[in-house]
Amino acid sequence: KRNSDRPAGRSAADPWRGGSAPSDQPGAAGAMGQGLSACAFNGAGPPPEGSSAKLPYHASSRSAQMLCEAWTSSGWVVCAGVGSSIFMYVTATGKKLENLDGHSSPITCLVASDGWLFSGSVDKTVLQWDLASRTCTGKLTGGHSGPVWCLAVSGDNLISAGEDGAVVIWDVASRKRAASPVKHRSAVRCMVEHKSILYTGSEDGAVVCLDIEKNVKLFEVVVFPAAVTCMLVTDDGALYVGSANSQIKCLDPRHGSCISVLAGHEEWVTCLIASGGYLFSGSRDCTIIQWELPGLRPAFTFRNGTISFKQQAGFLCAHEDGSVQVSKLSEGEKFMKVDQEDNFVAFRSAHERFLSASSTGIVSAAATSVSKDQLFELLDNGDDTLSIRSHHGAYIGLTKDGAVTAANFSKNPPQESEKWYHNFVEGHWAGVTSLAMVNGALMSGAADRSVKLWDPESRMLLASLEGRTGVIALMEAGGFMYAAAARGTPIRLPRPRGPAGKRKTVAMTSAQAKPTSSQSAEESDAIVE
């Protein structure tokens, strides 16, 4: 399950159609900067006239700020930390601009505001950059005795937090420390600001709330016996905190009391987003859980891959009325592959019904639960095809008039009409690190080197793209998706079209867990668009 040596999968002309893009192709998207990790931030300064305003950014997790988008006089640019340098790219094209150099140790966080870019580093300092002239205009020193892990901007103030547990407020104009109102007992790796209220989470499981304008600590509570790994404040003010003990807690944002405990993951909760009346959480247990809002009940767990079957006549398709046929049209051709006991599998359609084969050979897709009629074996024929054998011992195939049946109970090998070419898109097999919602589709990045596209309504895995190294974060910018890699260059992906029939939606983006030590600064090829 966690084997790092996994096949790259097949390429596809349209990378979001359902295959996997091979990682050994040249980077047509243009090389991006590499870094420890990345996340999406609202752009600094006013957007171009006529463009849609960006939603406020209210999500944070362990060291997630290695990538940001900023507004400059020449348009939007993507800034990425690469070792001790900052790489800059034109957001829409991926064209690389000049580097910004000034730190003596690896960069750990970036944030932009009002024409300024701020960078934190292992060298214990914060540098201020003028995005117009692309020069360093000042160094903020003396605030931290260890690496700086988090940055946030609120009004005229910059807030930093780091390994020493200190939370420092800086006056941007004078570049001097205005206050140090909070001192955690251990390293601070999560920080999120919402309407001048700051929430910080530390490795000892504590959450501190600070009124930035009044410089007053509102509360400090120990939420978990393990580290705080991610935090989310929704636009209605709800506060969600994830932990290394696999739990999520909803806290009262006024005084920190626990409103609800969300238990469902088996390992670290690494990222949180909210969209469409649901909370989504990613975890090191390789799953994504969809929680109902309100109520905070688990609605679904995303973990299973999808498979499609095809013959010369077309795809095996399940329709909403429960009928099954072979069609040249691809709608309804994907089935969620759900493993069962004794090497049997079940196939769930996009209409949340299971493929069935009765003892009399009737094939349908109307069952809402799994019994014997919904159990199948997948048999490798040794010629790049599979056969689907029902629990009753018959193969699913086509009659001479093209009808789908499972009436051949012969013990002989399957006939040609009972052999299927297939395309299998695997679910995550390593920890999920990042989530994003784009065009009504849920995107997830993971340590298994892949970015996957899910339909939140049908809960089907739609497509997968794979790279050379683990994906740390996802960001939408300039009509494209950017995926930051644990090692090597960030990846510029095409914007997915989203599930059929879905309206374009805009949602908050998540942040991800970052390693505590610096990663390789060696560049690698980017995934092709």
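The dialogue below takes up the sheets, hairpins, cores and one polar residue of a predicted model.

Student: Which strands form the open sheet, and in what order?

Tutor: A regular strand shows its side chains alternately on the two faces of the sheet. In this model, four strands form an open sheet in the order 22-23-24-25, and their pairing is antiparallel. Strand 22 (269-275) and strand 25 (298-302) are the edge strands, each pairing on one side only. On average, neighbouring strands of this sheet are turned by 20° against each other, direction ignored.

Student: How many bridges pair strand 24 with strand 25?

Tutor: Strand 24, residues 288-292, pairs with strand 25 over four bridges in the antiparallel sense. One bridge can be located by its residues: Q290 has F300 in strand 25 as its partner.

Student: Which residues have the most contacts inside the largest nonpolar core?

Tutor: In soluble globular proteins, nonpolar side chains tend to be buried together. Here the largest nonpolar core has 34 residues, and F280, I288, L435, L442 and L474 have the most contacts inside it. Strand 38 (residues 432-438) contributes the largest share of this core, five residues. A second, separate core has 22 residues, including F309, V326, A357 and V363.

Student: What does I288 touch, leaving aside its neighbours within four places in sequence?

Tutor: The contacts of I288 include F280, L435 and L442, which are also among the residues with the most contacts inside the largest core. I288 further touches F300, T301 and F302, as well as S281, V432, S444 and W454. F300 is thus a contact of I288 and the bridge partner of Q290.

Student: Why is strand 29 described as largely enclosed by the rest of the structure?

Tutor: The reasoning rests on relative accessible area, where buried means under 20%. Strand 29 (residues 335-339) is largely enclosed by the rest of the structure because four of its five residues are buried. Strand 29 pairs with strand 26 (residues 306-311) in the antiparallel sense over two bridges, and I307 stands opposite F335 there. Strand 29 also pairs with strand 30 (residues 345-348), again antiparallel, over four bridges; D339 has V345 as its bridge partner.

Student: How many residues lie between the two strands of each hairpin, beginning with strand 29 and strand 30?

Tutor: Five residues lie between strand 29 and strand 30, and D342 in that turn has a positive phi of about 60°. A further hairpin is formed by strand 20 and strand 21, with six residues between them; G256 in its turn has a positive phi of about 85°. Five bridges join strand 20 (residues 247-251) to strand 21 (residues 258-263), and the two run antiparallel. One bridge of this pair matches Q247 with A263.

Student: Is E220 buried, exposed or partly exposed, or in other words, what is its relative accessible area?

Tutor: The limits to apply are under 20% for buried and over 50% for exposed. E220 has a relative accessible area of 33%, so it is partly exposed. E220 lies in strand 17, residues 216-222.

Student: Which side chains make polar contacts with the side chain of E220?

Tutor: The side chain of E220 makes a polar contact of 2.9 Å with that of K217 and one of 3.5 Å with that of R185. Beyond four places in sequence, E220 touches R185, V207 and V208. For distance along the chain and in space, consider H184: E220 is 36 residues from H184 in sequence, and their C-alpha atoms are 9.4 Å apart.

Methods:
Residues numbered from 1 in each chain as written. Predicted model: local features only at pLDDT ≥ 70, side-chain atom pairs only at ≥ 80, totals over all residues. Heavy atoms only, no water. Pairing = 2+ DSSP bridges. Axes fitted to C-alpha atoms, helices over the stretch in contact; angles between N-to-C directions. Buried < 20%, exposed > 50% of the residue type's maximum accessible area, 1.4 Å probe, protein only. Contact = heavy atoms within 4.5 Å. Polar contact = N/O pair within 3.5 Å; in protein donor to acceptor, adjacent residues only side chain to side chain. Core = buried A, V, L, I, M, F, W, Y, C linked by side-chain atoms within 4.5 Å.
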